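Here are a few short exercises to work through with the viewer open. Try each task yourself before reading its solution.

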Amino acid sequence: MTVRRLSAGLVAVAIFTPGVAACTTTGDAGPTPTPSVTTSGSAAAVDTEAKQALLDSTREISNGNFRFSMSGAGSVAEGQVHQPSQSAEIRLRLGEPTDDLAISLDLVHAKPDSWVKLDLKGQAATSVPGVDRLNLGKYHHLDQNRIRGDRTLGFDFDQVDPAGSKALTEAVTDVRRTGDGAYTGTLDLSKAADAGSLDPNLITTLGAEANSVPFTASTDAQGRLTELVIRLPEAGHAAGQEIKVTYSDYGNATEATKPSADQVVEAPPELYNLFD
């Protein structure tokens, strides 16, 4: 098996594409106001109240002070975002140690710098170009010009939510409250292609089924989003998969720990090529 590079799509389908957004915000005005929903008729009012609650539940995320996790497609990402210090820590695991290729990424962002520690395991790891320069057990200092806008290695502090839950809740087409802080419904994934937890190629694969995908969501006592689970329909390789996103410790994240100088090397060309 020959491994030339890991495309952005491969990493995205592993449910992790931080730093990607349709647009950025500027200024210090605070979070963008959540769109309001208007209705007519009492039957529709219940649904729209539930949708408005979900839209409101993502406001605190934009403040950039939380811990999160994402899982799906046999992969897990977790970390924290600390906007007050302009820093973030993210750990990504793709595959199992017994797979032909298992990948671990430990990313640290402390504006204006970024580092990543890469660990490639499995029989196919030896086929990765420059693996001896990648598996050093040290952090690679990243060139911001090379990773700006990158779906895996970059991070946008103007759009701090790795999962893109705001875009996902705006794509909700039907929702009802099932309990205290509990919701269920459907969303149109084709309207949330910019969400970091989704791979645009996956949406294409789902075709018309992407227009009505079931989900459940939970909020805490303050109405903040704590869990979002998207249940993908059976279509191609995505059959029966779940995408699960969680948020916790709102306001209690901490500044990212920068690697010490003796644990840092400059990233080689092979690292950037791996994710191009």
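On a 1 Å grid over the protein atoms alone, a cavity is a set of points where a 1.4 Å probe fits but cannot get out, while a pocket is an open set with protein on both sides within 12 Å along at least five of seven lines; lining residues have an atom within 4 Å of a point. Grid points are joined across faces, edges and corners, and a volume is the space filled by probe spheres set on the points.

This is a predicted model, in which local features need pLDDT of at least 70 and side-chain atom pairs count only at pLDDT 80 or more, whereas totals for chains, interfaces and linings use all residues. Residues are numbered from 1 along each chain as its sequence is written, and side-chain values use heavy atoms, with hydrogens and water left out.

**Exercise 1. Find the largest cavity and classify its lining.**

Step 1: Search the whole structure; one cavity of 30 Å³ or more turns up. The largest cavity has a volume of about 30 Å³.

Step 2: List the lining of the largest cavity, which consists of Arg146, Asp150, Leu153, Tyr272, Phe275 and Asp276.

Step 3: Sort by class, counting Ala, Val, Leu, Ile, Met, Phe, Trp, Tyr, Cys and Pro as nonpolar, Asp, Glu, Lys and Arg as charged, and the others, Gly among them, as polar. The lining of the largest cavity then splits into three nonpolar and three charged residues, with no polar ones.

**Exercise 2. Describe the second largest pocket.**

Step 1: The volume of the second largest pocket is about 320 Å³. It has 16 lining residues, and Gln144, Arg148, Phe155, Asp156 and Phe157 are the closest to its centre.

Step 2: Now assign secondary structure: helices (H or I, at least four residues) and strands (E, at least two) are DSSP runs, numbered from the N terminus. At least two lining residues of the second largest pocket come from each of β4 (102-110), β5 (113-121) and α4 (144-147).

Step 3: By class, the lining of the second largest pocket holds five nonpolar, six polar and five charged residues.

**Exercise 3. Examine the loop between β4 and β5, and its partner across the chain.**

Step 1: Both lysine 111 and proline 112 sit in the loop between β4 and β5. The peptide bond joining lysine 111 and proline 112 is cis, with omega about 15 degrees.

Step 2: For accessibility, buried means under 20% relative accessible area, exposed over 50%, and partly exposed in between (1.4 Å probe, protein chains only). Lysine 111 has 52% relative accessibility, so it counts as exposed.

Step 3: Look for contacts (heavy atoms within 4.5 Å). Not counting residues up to four places away in sequence, lysine 111 touches Gln86 and Phe157. Lysine 111 and glutamine 86 are 25 residues apart along the chain, with 5.6 Å between their C-alpha atoms.

Step 4: Follow the contact to glutamine 86, which is in the loop between β2 (75-82) and β3 (87-94). Its phi is near 55 degrees, a positive value in a residue other than glycine. Glutamine 86 is partly exposed because its relative accessibility is 24%.

**Exercise 4. Compare the settings of two loop residues: which is buried and which is partly exposed, alanine 210 or glycine 137?**

Step 1: Alanine 210 belongs to the loop between α6 (200-206) and β9 (213-219). At 0% relative accessibility, alanine 210 is buried. Leaving aside neighbours within four places in sequence, its contacts are Leu187, Asp188, Leu189, Ser190 and Ile203.

Step 2: Glycine 137 belongs to the loop between α3 (131-134) and β6 (139-141). With a relative accessible area of 43%, glycine 137 is partly exposed. With the four-place neighbours left aside, glycine 137 is in contact with Lys117 and Gln263.

**Exercise 5. Locate the nonpolar cores.**

Step 1: Take a nonpolar core to be a set of buried Ala, Val, Leu, Ile, Met, Phe, Trp, Tyr and Cys residues joined through side-chain atoms within 4.5 Å.

Step 2: The largest nonpolar core has 61 residues, and Leu142, Leu189, Phe215 and Tyr247 have the most contacts inside it. A second, separate core has five residues, including Val108, Ala110, Tyr139 and Ala256.

Step 3: Put the cores in the context of the chain, where buried residues make up 45% of the 276 residues.
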